[in-house]
Amino acid sequence: MITIIYGGTSSGKSAYAEGLVCNSKYNYRYYLATMSSQDEESKARIKRHRKLRSGKRFITLEHPVDVKNAIGDIERIESGDFSTEDPYHKSNIVLLECMSNLLANEMFKGGVTQELDFCVNKILSDIQELEAKVSELVIVTNNIFDDGIAYEAETKDYIRALGAINSQLALRANKVVEVTVGIPIVIKG
Amino acid sequence: MILIVGGSYQGKTEYARQNFPNAKYFNNLHTFIKKRLEDLKSQDEILAEIKDVISEGQWIIISDEIGNGVVPYDAFDRQWREVTGRILISLAREATEVHKVVCGIGQRIK
């Protein structure tokens with residue numbers, strides 16, 4: 001089951017997504033972080049997000065690329081849990097934050113620009129594998145589409161790829177919520 | 001206080017005039033925030049100044065949503081969008097109503 005949280009920069013989408021996860025009743029809560037860059041601004045952003053999450057029982061997993069590798073982490077963590085004999089009672093929710101970073105990391109991996117369709121399909125297939133292994137997957141993604149600026153080809157491809165991923169995921173999602181000035185607007189489900 | 005947000009040129013001001021003709025207006029809040037940031041004011045100082053301005057009477061605050069684009073190359077522009085977003089979230093929390101205007105059509109979201 002997929003839930004999509006969509007919004008612009010500083011729209012309150014992360015706080016909303018975290019609230020959604022914290023109000024859910026799953027045994028395990030994972031925060032799948034995709035931000036990788038280590039400049040001061042990113043570090044400050046990561047710090048702010050960590051503070052938002054502190055005390056909320058999140059297990060943090062970091063995968064700037066290849067998010068399906070989170071499945072291995074989850075299996076390792078939960079295989080050591082003998083509180084229930086039935087593995088099917090080990091329910092879990094994963095909050096992936098965020099798709100725009102994941103796409104940038106996949107698309108510009110190792111300083112080489114990957115082809116648009118290849119990136120879109122690769123990410124969608126990784127997400128599909130991850131979704132199949134968890135009880136619920138909440139994906140935070142960005143609205144980067146409304147500034148009306150004509151960018152050069154590479155950035156245009158990036159925007160187009162994120163638009164395609166958002167649309168494909170929304171099609172598959174049970175619920176899509178847009179967050180504006182901290183207010184959720186349900187656009188599907 | 002009533003907050004009206006939306007993209008640029010969506011008819012926010014016209015929508016406000018039609019629906020709230022007797023209120024006082026604080027228009028282009030995003031531009032106001034930009035000017036204050038250029039004067040090196042902090043997010044908290046700017047928010048306090050806005051609250052001071054709207055402390056008496058019925059006010060309508062109108063702002064562009066500027067966070068819905070590609071991350072700007074310029075550090076100041078990035079700061080501007082972030083501070084504007086955070087201030088709008090604070091104001092939305094305190095507003096009695098929040099409206100979003102798209103293509104001239106307003107929708108009350110709070």
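Start by selecting A:Phe58 and whatever sits around it. Setting aside neighbours within four places in sequence, A:Phe58 is in contact with A:Arg29, A:Tyr30, A:Tyr31 and A:Arg53. Keep in mind as you click that this is a predicted model.

Is A:Phe58 buried or exposed? A residue counts as buried if 20 or more other C-beta atoms lie within 10 Å of its own. A:Phe58 has 20 of them in that range, so it is buried. Its place in the chain is the loop between α2 (40–53) and β3 (59–62) of chain A. Now add A:Val177 to the selection. The two residues are 119 places apart in sequence, and their C-alpha atoms are 22 Å apart in space.

**The sheet of chain A**

Next, switch to the cartoon view and look for the strands of chain A. There are 7 strands in an open sheet, and the order across it is β3-β2-β4-β5-β1-β6-β7, with mixed pairing. Which strands are at the edges? They are β3 and β7 of chain A, and each of them pairs on one side only. From one strand to the next, the twist averages 20°.

As a general point, strands of a sheet pair through backbone hydrogen bonds, and they can be parallel or antiparallel. For a parallel example, select residues 2–7 and 136–142 of chain A. These are β1 and β5, and 6 bridges join them. Zoom in on A:Ile4 and you'll find A:Ile139 of β5(A) standing opposite.

**Two helix pairs in chain A**

Two packed helices are described by the angle between their axes and the distance between the axes. Try that on α1 (residues 13–22) of chain A and its partner α2(A): the axes come within 11 Å and cross at roughly 30°. Angles under 35 degrees count as roughly parallel, and therefore α1(A) and α2(A) are roughly parallel to each other. To see where they touch, select A:Ser14, A:Ala15 and A:Glu18 on α1(A), plus A:His49, A:Leu52 and A:Arg53 on α2(A). That contact divides into 2 nonpolar, 2 polar and 2 charged residues. You have already met A:Arg53, one of the residues in contact with A:Phe58.

Now hop to α4 (residues 99–107) of chain A, which packs with α6(A) at an angle of about 130°, the axes being 10 Å apart. That angle makes α4(A) oblique to α6(A). The crossing of α4(A) past α6(A) is right-handed. On the α4(A) side, select A:Met99, A:Ser100, A:Leu103, A:Ala104 and A:Met107; they meet A:Tyr158, A:Ala161, A:Leu162 and A:Ile165 of α6(A). What classes of residue make up this contact? By class it has 8 nonpolar, 1 polar and no charged residues.

**Some backbone oddities**

Slide back to the loop between β4 (92–97) and α4 of chain A, where A:Cys98 lies. A cis peptide bond joins A:Glu97 and A:Cys98, with omega about -10°.

Two more stops are about phi. A:Asp66, in the loop between β3 and α3 (70–79) of chain A, has a phi near 50°, a positive value in a residue other than glycine. With 14 other C-beta atoms within 10 Å, A:Asp66 is partly exposed. A:Val181 also has a positive phi, near 40°, and you'll find A:Val181 in the loop between β6 (175–180) and β7 of chain A. A:Val181 counts as buried, having 29 C-beta neighbours inside 10 Å.

**Over to chain B**

Show both chains now. How many residues of chain A are in contact with chain B? The answer is 19, and they touch 20 residues of chain B. On the chain A side, the elements giving two or more residues are α6 (153–172) and β7 (183–188). By class, that side has 8 nonpolar, 9 polar and 2 charged residues.

Finish inside chain B, with its open sheet of 5 strands in the order β2-β3-β1-β4-β5, again with mixed pairing. Here β2 (24–26) and β5 (105–108) stand at the edges with a single partner strand each, so one side of each has no neighbour in the sheet. Neighbouring strands of this sheet are turned by 25° against each other on average, direction ignored.

For an antiparallel pair, select β4 (residues 97–102) and β5 of chain B, which are joined by 4 bridges. B:Val102 has B:Ile105 of β5(B) as its bridge partner. Last stop: helix α2 (residues 29–38) of chain B, which lies across β2 and β3 (59–64) and runs at about 75° to β3(B).

Note on methods: Residues numbered from 1 in each chain as written. Chains lettered and ligands numbered in written order. Predicted model: local features only at pLDDT ≥ 70, side-chain atom pairs only at ≥ 80, totals over all residues. Pairing = 2+ DSSP bridges. Axes fitted to C-alpha atoms, helices over the stretch in contact; angles between N-to-C directions. Contact = placed C-beta atoms within 7 Å. Nonpolar A, V, L, I, M, F, W, Y, C, P; charged D, E, K, R; others polar. Buried ≥ 20, exposed ≤ 12 C-beta atoms within 10 Å, placed from the backbone. Parallel < 35°, antiparallel > 145°, perpendicular 65-115°, else oblique. Left-handed = near helix turned anticlockwise from the far one by under 90°.
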